[in-house]
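Me: I have a structure open on my screen and would like to go through it with you. Could we take it one question at a time?

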Amino acid sequence: MKLSLLAAALLVGSAAAQNGAQCLYNHHFADGTFIIDQPGSYKLCDDIVFCPHNDINIETASDEEISQAFDPIEQGNPKYNNNEYALGFFAAIAVQADDVSLSLNGYSIAQCREHALMQRFFAVIELASAPFTPGIGPHNFVSTTFTPAKNFELTGPGTIGLSSHHGIH
């Protein structure tokens, strides 16, 4: 299901998001979730298809290769906390800073089909550092601090596309 944001509906602050904003391209997502941990303006400058380590062939890869490609814990990447990413890459963008604006800038962002089949709990945009608040859910997903995003602004036009679970959570 697609959620289209019309320019007329959410243009508040779009000029600020266009000037001096950090551009996000597909290469920012090549290793997994793009974590926004600093306040500021960000914008899509490419149609983003979230498919970490998409250099593997799902048809011929072993179960172990597929698991490692989509699991930041298996990869041992220190950028991704073991508790928060215990379910794998739970978001394409994780906003864990206050005062963030994100402009879709006329582009789309979506989960690739292969990742959607493997990662059933996923948000295209997660407005926190973890998929659950402390003490909630089937696992302790918070390491030391849970960081929800405050004062987040999303502007369009653009499309939030395929997600196996949430568009924005």
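Me: How many bridges join strand β9 to β12?

Reply: Happy to start there, and please keep in mind that this is a predicted model. Strand β9 covers residues 123–126 and runs parallel to β12. One contact point to look for is Ala 123, whose bridge partner in β12 is His 166. The number of bridges joining β9 to β12 is 2.

Me: Which strands stand at the edges of the sheet that holds β9 and β12?

Reply: That sheet is open and has 4 strands, paired in parallel in the order β3-β6-β9-β12. Each edge strand has a single partner, so one of its sides is left without a neighbour in the sheet. Neighbouring strands here are turned by 20° against each other on average, direction ignored. The edge strands are β3 (34–36) and β12 (166–168).

Me: What is the strand order of the sheet that holds β2 and β10?

Reply: We can build it up pair by pair. β2 and β4 pair in the parallel sense over 3 bridges, and 4 bridges join β4 to the parallel strand β7 (residues 100–103). β7 then pairs with β10, again in the parallel sense, over 4 bridges. The order of this open sheet is β2-β4-β7-β10.

Me: Why is one side of β2 and of β10 left without a neighbour in the sheet?

Reply: In this 4-stranded open sheet, the order begins with β2 and finishes with β10. Both strands stand at the edges, so one side of each lacks a neighbour in the sheet; the reason is that each has a single partner strand.

Me: Which residue in β10 is the bridge partner of Ser 101?

Reply: Strand β7 covers residues 100–103, and β7 pairs with β10 over 4 bridges. On the β4 side, Gly 40 stands opposite Val 100 in β7. For Ser 101, the bridge partner in β10 is Glu 153.

Me: Which cysteine does Cys 23 join in a disulfide?

Reply: The structure holds 2 disulfides, and the S to S distance in the one with Cys 23 is 2.1 Å. Cys 23 lies in strand β2 (residues 22–24) and its partner in the loop between β4 (40–44) and β5 (48–50), so the pair ties together parts that are 22 residues apart in sequence. Cys 23 also has a bridge partner in β4, namely Lys 43. The disulfide partner of Cys 23 is Cys 45.

Me: Is Cys 45 buried or exposed?

Reply: The cut-off matters here, with buried meaning under 20% relative accessible area. Cys 23, at 21% relative accessibility, counts as partly exposed. Cys 45 has 16% relative accessibility, so Cys 45 counts as buried.

Me: What is the handedness of the link of Cys 51 and Cys 112?

Reply: The sulfur atoms of Cys 51 and Cys 112 are 2.4 Å apart, and both residues are buried. The link of Cys 23 and Cys 45 has -55° about the S-S bond and is left-handed. With 60° about the S-S bond, the link of Cys 51 and Cys 112 is right-handed.

Me: Which residues of helix α2 are buried?

Reply: Helix α2 spans residues 63–70. Seen down the axis of α2, the buried residues fall within an arc of 85°, so they line one face of the helix. These residues pack against α3 (72–75) and α4 (113–118). The buried residues of α2 are Ile 66, Ala 69 and Phe 70.

Me: Where is His 115 found, and which residues does it touch?

Reply: His 115 has 0% relative accessibility, so it counts as buried. The helix that holds His 115 is α4. Leaving out residues up to four places away in sequence, His 115 touches Phe 50, Pro 52, Phe 70, Phe 89 and Phe 122.

Me: Where does pLDDT stay under 50?

Reply: Over the protein chain the mean pLDDT is 83, and 84% of the residues reach 70 or more. Where pLDDT is low, the predicted coordinates should not be read in detail. The model does have 34 contacts beyond four places in sequence for the stretch in question. pLDDT stays under 50 over residues 1–18.

Note on methods. Residues numbered from 1 in each chain as written. Predicted model: local features only at pLDDT ≥ 70, side-chain atom pairs only at ≥ 80, totals over all residues. Heavy atoms only, no water. Buried < 20%, exposed > 50% of the residue type's maximum accessible area, 1.4 Å probe, protein only. Arc of directions from axis to C-beta. Contact = heavy atoms within 4.5 Å. pLDDT = per-residue confidence, 0-100. Disulfide = S-S within 2.5 Å. Pairing = 2+ DSSP bridges. Axes fitted to C-alpha atoms, helices over the stretch in contact; angles between N-to-C directions.
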